[in-house]
Amino acid sequence: MTATATKMPKNKKKKKKNKSLRKGWRTASTSDIHELYELSVQEPEAEVDLTDQVWEEQRGRLATSIREDFCGTAIASMSWVKRRRANTAIAVDLSAEVMDWGKKKVAERLNASQAKQLTFVQDNVLTVETEPVDSVLAMNFSYFLFRTRKELKHYFTRVHHALKDDGLFLLDAYGGSDSFLEMEEDRDLDGFTYIWDQAYYNPISGDVTNHIHFKFPDGTRIDKAFSYHWRLWTLPEIQELLKEAGFRTVHVYWEGTDEDGEGDNEWTISTRGEACEGWIAYIVAGK
Ligand SMILES: C[S@@+](CC[C@H](N)C(=O)[O-])C[C@H]1O[C@@H](n2cnc3c(N)ncnc32)[C@H](O)[C@@H]1O
């Protein structure tokens, strides 16, 4: 895999690459950052596919109930309830603003019965109390905002508590040699350019600051549409903390490569990764 890490990496991002920059189609003043975020970094169907895959592999059945932590616009939860009529989702986010944006999209994205399968909860993932679920999802590295072992272990303990007895916790992580650099990478999408800006990295603390900027064909920009102050956790640290938090099994799903050496969106449990410039992995922790 050679893609640059972070919200850029993975072949899944490549699918959206190289679409024509239709001149003038979008501008900074006519664009909505939540819509641009969804178009740039989210692939909810792929997350639902992966959830189905790991449940089949590890539990021999499909999950029905999920909780999407750090849900943002809750697009993954919406894909989940659309997948099967029995599915339910609890979407949790601290921000009323982003959650209200997601709620406003319900009418156009879901039919009436799908809408009933989805519950929005504006709360802190560290303290929220929800009905036990089959799976908790924490995607796009959102839990990297917990910057000490104590905080991250506490979050993992809360997730463990939120799961049913045979529950599975799915989370992702990024890394690779480029992730330790201060660098920018951009990608042309449909009518705008997405810029991933690794603005700061401190090798002593592991702290990173990453920004997302958007640039438009007319030269206008939305700088720092989103900013993240994270700790760049490594896979061994994450696996150890999940075990310490009480998870009995922890597996890393690594992506295969196609004939060009790019990620092929095929995920398998692995114990040997590739020392490449950028990767994303999924971690699945079983209660
Ligand atoms: C990087 S976005 C993730 C959006 C989406 N899950 C994704 O996969 O792209 C991080 C989200 O986490 C939310 N957030 C930050 N701290 C939180 C907390 N302690 N509890 C719940 N949500 C939190 C923010 O409001 C923001 O919407």
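Which residues in H2 and H5 meet each other? In this predicted model, His34, Glu35 and Glu38 in H2 meet Glu97, Val98, Trp101 and Arg109 in H5. Sorted by character, the residues of this contact divide into 2 nonpolar, 1 polar and 4 charged. Two packed helices are described by the angle between their axes and the distance between the axes. For helix H2, residues 33-41, and helix H5, residues 96-109, the angle is about 75° and the axes are 11 Å apart. Because angles from 65 to 115 degrees count as roughly perpendicular, H2 is described as roughly perpendicular to H5.

With that pair in mind, the reader can turn to the arrangement of the chain as a whole. The domain assignment of the protein chain gives domain 1, made of 19-29 and 180-230, and domain 2, made of 40-176 and 233-286. The centres of domain 1 and domain 2, taken over C-alpha atoms, are separated by 24 Å, and the contact takes 11 residues from domain 1 and 10 residues from domain 2.

We begin with a sheet of 4 strands, an open one with the order E6-E7-E8-E9 and antiparallel pairing. At its edges stand strand E6 (183-189) and strand E9 (221-231), each with a single partner strand, so one side of each is left without a neighbour in the sheet. Neighbouring strands of this sheet are turned by 15° against each other on average, direction ignored. E6 pairs with strand E7, residues 192-201, in the antiparallel sense over 7 bridges, and a reader who looks for Glu184 will find that its bridge partner in E7 is Asp197. H2, the helix met at the start, packs on this sheet, where H2 touches E6, E7, strand E8 (207-215) and E9, and the direction of H2 makes about 65° with that of E9.

The other sheet is an open one formed by 8 strands, in the order E3-E2-E1-E4-E5-E12-E10-E11, and here the pairing is mixed. Strand E3 (118-122) and strand E11 (263-270) stand at the edges, and each has a single partner strand, so one side of each is left without a neighbour in the sheet. On average, and with direction ignored, neighbouring strands of this sheet are turned by 20° against each other.

Two pairings show what the word mixed refers to in this sheet. Strand E4, residues 133-138, and strand E5, residues 163-175, pair in the parallel sense over 5 bridges, and the bridge partner of Ser135 in E5 is Leu168. E10 and E11, by contrast, run antiparallel and are joined by 5 bridges, with Tyr253 standing opposite Ile269 in E11. E10 and E11 also form a hairpin with 5 residues between them, and in the turn Gly261 has a positive phi of about 80°.

Helices H3 and H4 both lie across strands of this sheet. H3 lies across E4, E5, strand E10 (249-257), E11 and strand E12 (279-286), and H3 runs at about 125° to E5. H4 lies across strand E1 (65-69), strand E2 (88-93) and E3, running at about 175° to E2.

How do these helices stand to each other? The axes of helix H3, residues 44-59, and helix H4, residues 75-83, come within 8 Å and cross at roughly 55°; H3 and H4 are therefore oblique to each other. The crossing in which H3 passes H4 is right-handed. From H3, the residues Pro44, Glu45, Glu47, Val48, Asp49, Thr51 and Asp52 meet Ile75, Ala76, Ser79, Trp80 and Arg83 in H4, and the residues of this contact divide into 5 nonpolar, 2 polar and 5 charged.

H4 also packs with H5, at an angle of about 30° and with the axes 11 Å apart. H4 and H5 are therefore roughly parallel to each other, and H4 passes H5 in a right-handed crossing. Ile75, Met78 and Lys82 in H4 meet Gly102, Val106 and Arg109 in H5, and the residues of this contact divide into 3 nonpolar, 1 polar and 2 charged. Ile75 is thus among the residues of H4 that meet H3 and among those that meet H5, while Arg109 of H5 meets H4 and also takes part in the contact with H2.

How values were computed
Residues are numbered from 1 along each chain as its sequence is written. This is a predicted model: local features need pLDDT of at least 70, side-chain atom pairs count only at pLDDT 80 or more; totals for chains, interfaces and linings use all residues. Side-chain values use heavy atoms; hydrogens and water are left out. Axes are lines fitted to C-alpha atoms, for helices over the stretch in contact, and angles run from 0 to 180 degrees between N-to-C directions. Angles under 35 degrees count as roughly parallel, over 145 as roughly antiparallel, 65 to 115 as roughly perpendicular and the rest as oblique. A crossing is left-handed if the near helix is turned anticlockwise from the far one by less than a right angle, and right-handed if clockwise. Contact means heavy atoms within 4.5 Å. Ala, Val, Leu, Ile, Met, Phe, Trp, Tyr, Cys and Pro count as nonpolar, Asp, Glu, Lys and Arg as charged, and the others, Gly among them, as polar. Two strands pair if DSSP finds at least two bridges between them. Domain bounds come from an automatic or database domain assignment.
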